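I opened a new page for a structure I had not looked at before. These are my notes, in the order I looked things up.

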Amino acid sequence: MINKSCPYFYIMKNLLDCKFNREYVVKDIDKNLPLKVRRRLLELGFTNGTLVTLVRSSSLKKAYLITLRGYTLSLRADLARAVIIDD
């Protein structure tokens, strides 16, 4: 039987898990990223509570087009995987 009160029951979603053209809220950035990369994502606007929209992906699924704070940004898949979102 699954214990739903356990904090590890709820799996965190990242930007690659979401559907296209829907708004999501940034919850956190993965703590395992190097500090320079994490700081750069925060400078780009991926702070807690920011609304992001996954617009589309490249043909090989290596880059993703994301809209946040009024501008469009292209992120590699490994960086998009590091952005943790909430519905």
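My entries below go from the overall fold down to single residues.

**Entry 1: the overall picture**

I am working from a predicted model. I began with the secondary structure and found two helices and six strands. Read from the N terminus, the order is β-β-α-β-β-β-α-β. The protein has 87 residues, and 32% of them count as buried. I also looked up the exposed surface, which comes to about 6300 Å², with carbon and sulfur atoms supplying 55% of it. Then I checked contacts between residues at least 6 apart in sequence: 56% of these join residues at least 24 apart.

**Entry 2: the sheet**

In what order do the six strands sit in the sheet? I read it off as S1-S6-S2-S3-S4-S5, an open sheet with antiparallel pairing. S1 (13-14) and S5 are the edge strands, each with a single partner, so one side of each has no neighbour in the sheet. I noted for background that strands of a sheet pair through backbone hydrogen bonds, either parallel or antiparallel.

I took a look at the S1 edge. S1 and S6 run antiparallel and are joined by two bridges. Asn 14 has Ile 84 in S6 as its bridge partner.

Next I asked which strands H1 lies across. The list is S2, S4, S5 and S6, and H1 runs at about 145° to S2.

**Entry 3: the core**

The largest nonpolar core has 21 residues. Which of them touch the most other members? I found Leu 15, Phe 46 and Val 52. At least two core residues come from each of S2 (23-29), S3, S4 (63-68), S5 (71-76), H2 (77-81) and S6 (83-86). A general point I jotted beside this: in soluble globular proteins, nonpolar side chains tend to be buried together.

I followed Phe 46 further. Setting aside residues within four places in sequence, its contacts include Leu 15, Val 26, Ile 29 and Leu 41. Val 52, Leu 68, Leu 73, Leu 75 and Val 83 are also on the Phe 46 list.

**Entry 4: two residues of S3**

I picked Thr 53 and Arg 56, since I wanted to know how each one sits in its strand. Thr 53 is in S3 (residues 51-57), and Arg 56 is in S3 too.

Is Thr 53 buried or exposed? Its relative accessibility is 15%, so Thr 53 counts as buried. Beyond four places in sequence, Thr 53 touches Asn 21, Arg 22 and Glu 23, along with Leu 65, Ile 66 and Thr 67.

Arg 56 has a relative accessible area of 56%, so I put it down as exposed. Apart from neighbours within four places, Arg 56 is in contact with Phe 20, Tyr 64 and Leu 65. I also looked up the spacing to Ile 66: 10 residues along the sequence, and 7.5 Å from C-alpha to C-alpha.

**Entry 5: salt bridges**

How many salt bridges does the structure hold? I counted three. The general idea is that side chains of opposite charge can pair when their charged atoms come close.

- Asp 28 and Lys 31 meet through their side chains at 2.9 Å, N to O. Asp 28 is partly exposed at 23%, and Lys 31 is exposed at 55%.
- Arg 40 and Glu 43 have their closest N and O atoms 3.4 Å apart. They are three residues apart in H1 (residues 35-44), so about one helical turn separates them. Arg 40 is partly exposed at 46%, while Glu 43 counts as exposed at 55%.
- Asp 78 and Arg 76 have their closest N and O atoms 3.2 Å apart. Asp 78 is partly exposed at 41%, and Arg 76 is exposed at 51%.

**Entry 6: positive phi in the loops**

I ended with two backbone angles. Lys 61 has phi near 60°, a positive value in a residue that is not glycine. Where is Lys 61? I found it in the loop between S3 and S4, partly exposed at 47% relative accessibility.

Arg 69 is not a glycine either, and its phi is positive at about 50°. Arg 69 lies in the loop between S4 and S5. With a relative accessible area of 54%, Arg 69 is exposed.

Methods:
Residues numbered from 1 in each chain as written. Predicted model: local features only at pLDDT ≥ 70, side-chain atom pairs only at ≥ 80, totals over all residues. Heavy atoms only, no water. Helix = DSSP H or I, 4+ residues; strand = E, 2+ residues; numbered from the N terminus. Buried < 20%, exposed > 50% of the residue type's maximum accessible area, 1.4 Å probe, protein only. Contact = heavy atoms within 4.5 Å. Areas by Shrake-Rupley, 256 points an atom, 1.4 Å probe, with all protein chains shown as cover. Core = buried A, V, L, I, M, F, W, Y, C linked by side-chain atoms within 4.5 Å. Salt bridge = Lys/Arg side-chain N within 4 Å of Asp/Glu carboxyl O. Pairing = 2+ DSSP bridges. Axes fitted to C-alpha atoms, helices over the stretch in contact; angles between N-to-C directions.
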